[in-house]
Amino acid sequence: MLRTTMAALSQLSIPFSLRNPNTLKRFIPLSPLHKALRLRSFNPILFSAKPLSLSAVVLQTPRTPTANRDLDVNYLSCSMPNSPLNVAVLLSGGVDSSVALRLLHAAGHSCTAFYLKIWFQEDFENFWSECPWEEDLKYAKAVCNQVDVPLEVVHLTDEYWKNVVSYIVDEYRCGRTPNPDVLCNTRIKFGAFMDAISGMAFDYVASGHYANIIHSRTDQMDKPSILELSNDMIKDQTYFLSHLSQSQLKRLIFPLGCIPKDEVRKLAEKFDLPNKDRKDSQGICFLGKIKFSEFVARHIGEMEGVILEAETGDFLGKHRGFWFYTIGQRQGLRLPGGPWYASA
């Protein structure tokens with residue numbers, strides 16, 4: 001077993017700049033404290049991972065007729081095809097949300113696509129040089145152009161900072177590791193965004209999440225809507241949607257909840273989507289290719305501490321700060337031997 005014990009902490013410098021300097025008030029110097037981080041050695045489960053690579057941007061995509069006439073109706077079973085609806089569709093530029101849009105369009109609904117543009121995408125343009133938002137937006141436009149669906153860009157910079165980023169930073173300072181995607185879904189995608197379009201006449205909001213919602217009949221609206229597992233247990237995202245309230249669930253459609261991921265890829269080919277060959281995003285909610293460790297270092301900084309083996313107390317090395325690690329983490333420990341993982 002291993003553990004890490006923090007060296008005495010000094011005042012922490014937090015170098016960053018924001019368009020709104022009032023956000024500096026959200027950060028206070030880190031007071032001296034001691035934190036223990038325990039690491040454990042174990043037999044590794046081998047796996048491989050590939051870095052996210054982005055294909056070339058398609059700037060112009062010819063509009064093509066919809067491929068709806070020979071579409072299997074089973075693909076529309078989670079798109080509420082029985083009556084035409086006015087649907088706001090969250091479109092990220094990725095394959096999943098693009099297929100969701102096309103399925104809703106095939107189901108006969110009137111769709112308006114929305115691309116959410118948030119905090120770092122303007123204020124950190126120079127620092128976050130890897131941010132792919134421009135490429136994402138170009139793909140989103142190309143997908144919409146194929147079927148003449150209007151696309152709107154919604155700026156939620158302040159809401160994202162206040163409700164997600166600052167909360168995550170504060171929690172990491174305290175040694176806790178909240179899930180950014182749970183917060184983003186609850187507070188931004190289906191929180192601030194829903195508030196922003198509340199005055200518009202949309203029946204539902206849709207996205208490319210792998211989840212399913214069972215809504216009550218129109219004559220039983222007092223009964224709850226139920227969040228259920230998707231048809232793809234590997235890609236299922238119900239965990240990240242588990243904090244949604246009934247008022248949020250009742251307004252949502254997830255067209256991909258009935259379709260496995262491999263079938264979604266086939267549908268992207270069938271629809272000849274301009275992003276059909278794009279790889280799936282592996283980043284944390286809206287961070288794109290930005291490494292989360294860089295995000296933490298940017299907002300909290302670094303504070304060197306020592307790593308000790310828990311059972312023997314032997315010195316093994318040093319770390320950059322306890323907020324870079326969480327229970328079960330293996331990556332970034334940079335220790336010989338092992339493998340090691342954080343246990344406390």
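What share of the 344 residues of the protein count as buried? I looked that up before anything else, and 47% count as buried. I keep in mind throughout that this is a predicted model.

**Entry 1: overall layout**

I listed the secondary structure next and found eight helices and twelve strands. Then I turned to contacts between residues at least 6 apart in sequence: 76% of them join residues at least 24 apart.

**Entry 2: the open sheet**

I traced a sheet of five strands and noted its order as β5-β4-β3-β6-β9. The sheet is open, and its pairing is parallel. At the edges I found β5 (151-155) and β9, each of which pairs on one side only. I zoomed in on β3 and β4 (residues 110-117), where five bridges hold the two strands in the parallel sense. For a landmark there, I marked Leu90, which stands opposite Phe114 in β4. A reminder to myself for viewing any of this: side chains in a regular strand alternate between the two faces of the sheet.

**Entry 3: the hairpin**

Further along the chain I met β10 (residues 305-308) and β11 (residues 315-319), which run antiparallel and are joined by four bridges. The two make a hairpin with six residues between them. I picked out one pair to click on: Leu308, whose bridge partner in β11 is Phe315. In the turn, Gly313 has a positive phi of about 80°.

**Entry 4: cysteines**

How many disulfides does the count come to? I get one disulfide, and it joins Cys78 to Cys258, with an S to S distance of 1.6 Å. The angle about the S-S bond is 60°, and the link of Cys78 and Cys258 is right-handed. I placed Cys78 in the loop between β2 (36-41) and β3 (86-90), and Cys258 in the loop between β9 (252-253) and α7, so the pair ties together parts that are 180 residues apart in sequence. I also checked accessibility at both ends. Cys78 is buried, at a relative accessible area of 7%, while Cys258 is partly exposed, at 25%.

Why does Cys144 have no bond to Cys111? The sulfur of Cys144 is 9.3 Å from the closest cysteine sulfur, the one in Cys111, and that is too far for a bond; the cut-off for a disulfide is 2.5 Å between sulfur atoms. Cys144 is buried, with a relative accessible area of 1%. I looked at Cys174 as well, and it is partly exposed, at 39%.

**Entry 5: helix α7**

From Cys258 I walked on into α7 (residues 261-270). Its buried residues are Lys261, Glu263, Val264, Leu267 and Ala268. Looking down the axis of α7, I see these buried residues fall within an arc of 155°, so they line one face of the helix. What covers them includes α1 (95-106).

After α7 comes Asp272, in the loop between α7 and α8 (292-300). I flagged Asp272 for its positive phi of about 55°, although it is not a glycine. Asp272 is partly exposed, with a relative accessible area of 36%.

**Entry 6: another aspartate with positive phi**

Asp148 also caught my eye: its phi is positive, about 55°, and it is not a glycine. I found Asp148 in the loop between α3 (133-146) and β5. Is Asp148 buried or exposed? At 53% relative accessibility, Asp148 counts as exposed.

**Entry 7: Val182**

I then picked Val182, which lies in helix α5 (residues 180-196) and is buried, with a relative accessible area of 8%. Leaving out residues up to four places away in sequence, I see Val182 touch Tyr239, Phe240 and His243. I also took the C-alpha separation of Val182 and Leu241: it is 6.3 Å, for residues 59 apart along the chain.

**Entry 8: the second largest pocket**

Last, I opened the second largest pocket, which holds about 320 Å³ of space. Of its 15 lining residues, Met80, Pro81, Asn82, Tyr204 and His215 are the closest to the centre. The elements that give two or more residues to this lining are β7 (212-214) and β9. I credit the largest share of the lining to β7, with three residues.

Technical notes: Residues numbered from 1 in each chain as written. Predicted model: local features only at pLDDT ≥ 70, side-chain atom pairs only at ≥ 80, totals over all residues. Heavy atoms only, no water. Buried < 20%, exposed > 50% of the residue type's maximum accessible area, 1.4 Å probe, protein only. Arc of directions from axis to C-beta. Contact = heavy atoms within 4.5 Å. Pairing = 2+ DSSP bridges. 1 Å grid on protein atoms, 1.4 Å probe; cavity = no way out; pocket = protein on both sides within 12 Å on 5 of 7 lines; lining within 4 Å. Points joined across faces, edges and corners; volume = space filled by probe spheres on them.
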